[in-house]
Amino acid sequence: MNMNSDLTLAAQVRRKGAGWTQSPQSGIERLMLDRIGGEMATRATTIVRYQPNSSFPVHTHTGGEEFLVLSGVFSDSSGNFSEGFYVRNPVGSRHAPFSKTGAEIYVKLGQIDPEDQAYVRLDTRGADWQSTRSAGVKTQQLHRFRGELVRLVSIEPGRQFFETKFGGGVEILVMSGTLELSGQLFEKHDWVRSPREANFQITSQSGGTFLIKTGHFARTDP
């Protein structure tokens with residue numbers, strides 16, 4: 001069950017028209033963005049949709065996990081995480097996730113540095129935004145470890161994100177509004193990956209917010 005599994009290649013998935021896959025658990029569907037391996041994937045990036053009162057059995061994340069709640073309330077034994085929560089669980093963490101109300105999460109599995117043992121529980125709705133050197137652009141840092149940096153970026157209409165080169169790779173998930181990446185238009189929950197020496201402009205005519213992760217492909221480059 002491999003999808004966009006060659007990490008040396010750029011990839012993109014548009015949410016509109018993309019196919020959802022039923023998981024082995026009733027009431028849980030997945031929109032696969034990249035994946036290496038079967039049900040117990042060694043690496044996966046996915047949007048997961050939980051119907052109300054759906055759950056996964058207890059399991060261990062041998063490669064760690066990170067996720068951002070896109071809608072609803074996602075829960076496990078460590079708490080209830082509503083829309084906007086950013087969560088990281090390190091290598092070897094274990095839980096039994098569920099949702100009473102229904103939820104969607106953007107989740108990355110098997111991509112945590114084993115030496116990064118941080119547990120993160122961050123409500124981005126209450127966190128501070130920082131101005132950048134580019135007028136009309138603000139960022140919110142979610143996590144940093146060595147070369148890896150995870151941020152939310154808010155960009156006002158007609159503005160440009162000041163960064164254009166990403167030597168350690170980049171992944172972007174559009175959270176709201178629209179983005180133009182070197183002339184291509186991306187909408188809410190569209191996903192883009194460029195793992196090596198990415199070089200493109202990020203602008204928004206309508207304004208928008210996006211999740212951007214950079215530097216993390218340095219550990220996976222051949």
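A salt bridge is counted here where a side-chain nitrogen of Lys or Arg lies within 4 Å of a carboxyl oxygen of Asp or Glu. The legends below refer to a predicted model.

**View 1. The salt bridge between R49 and E29, which links strand 4 and strand 3.** The side chains of R49 and E29 meet at 3.0 Å, N to O, and since R49 belongs to strand 4 and E29 to strand 3, the pair ties together parts that are 20 residues apart in sequence. Both partners are partly exposed, R49 with a relative accessibility of 21% and E29 with a relative accessible area of 22%.

**View 2. The salt bridge between R88 and E148, with the network around the pair.** R88 and E148 approach each other to 2.9 Å, N to O, through their side chains. R88 is found in strand 9 (residues 85-89) and E148 in strand 16 (residues 148-155), so this contact ties together parts that are 60 residues apart in sequence. R88 is buried, with a relative accessible area of 1%, and E148, at 5% relative accessibility, also counts as buried. Through salt bridges that share partners, E66, R88, D116, E148 and K213 are joined into one network.

**View 3. The salt bridge between E187 and K16, which links two loops.** In this pair, one of the 16 salt bridges that the structure holds, the side chains of E187 and K16 meet at 3.4 Å, N to O. E187 lies in the loop between strand 21 (184-186) and strand 22 (191-194), whereas K16 lies in the loop between strand 1 (11-13) and strand 2 (21-22), so the pair ties together parts that are 171 residues apart in sequence. E187 is partly exposed, with a relative accessible area of 30%, while K16 counts as exposed at 67% relative accessibility.

**View 4. The largest pocket and its lining.** This pocket encloses about 540 Å³ of space, and among the 28 residues that line it, R30, E39, H59, H61 and L109 are the closest to its centre. Two or more lining residues come from each of strand 3 (28-36), strand 4 (43-50), strand 6 (59-61), strand 7 (65-76) and strand 12 (103-109), with the largest share, four residues, provided by strand 4. The lining comprises 13 nonpolar, eleven polar and four charged residues.

**View 5. The second largest pocket and its lining.** The volume of this pocket is about 210 Å³, and of its 13 lining residues, V69, L70, E83, G84 and M175 lie nearest the centre. Strand 7 and strand 19 (170-177) each supply at least two residues of the lining, and strand 7 gives the most, with three residues. Five residues of this lining are nonpolar, five are polar and three are charged.

Key: Residues numbered from 1 in each chain as written. Predicted model: local features only at pLDDT ≥ 70, side-chain atom pairs only at ≥ 80, totals over all residues. Heavy atoms only, no water. 1 Å grid on protein atoms, 1.4 Å probe; cavity = no way out; pocket = protein on both sides within 12 Å on 5 of 7 lines; lining within 4 Å. Points joined across faces, edges and corners; volume = space filled by probe spheres on them. Nonpolar A, V, L, I, M, F, W, Y, C, P; charged D, E, K, R; others polar. Buried < 20%, exposed > 50% of the residue type's maximum accessible area, 1.4 Å probe, protein only.
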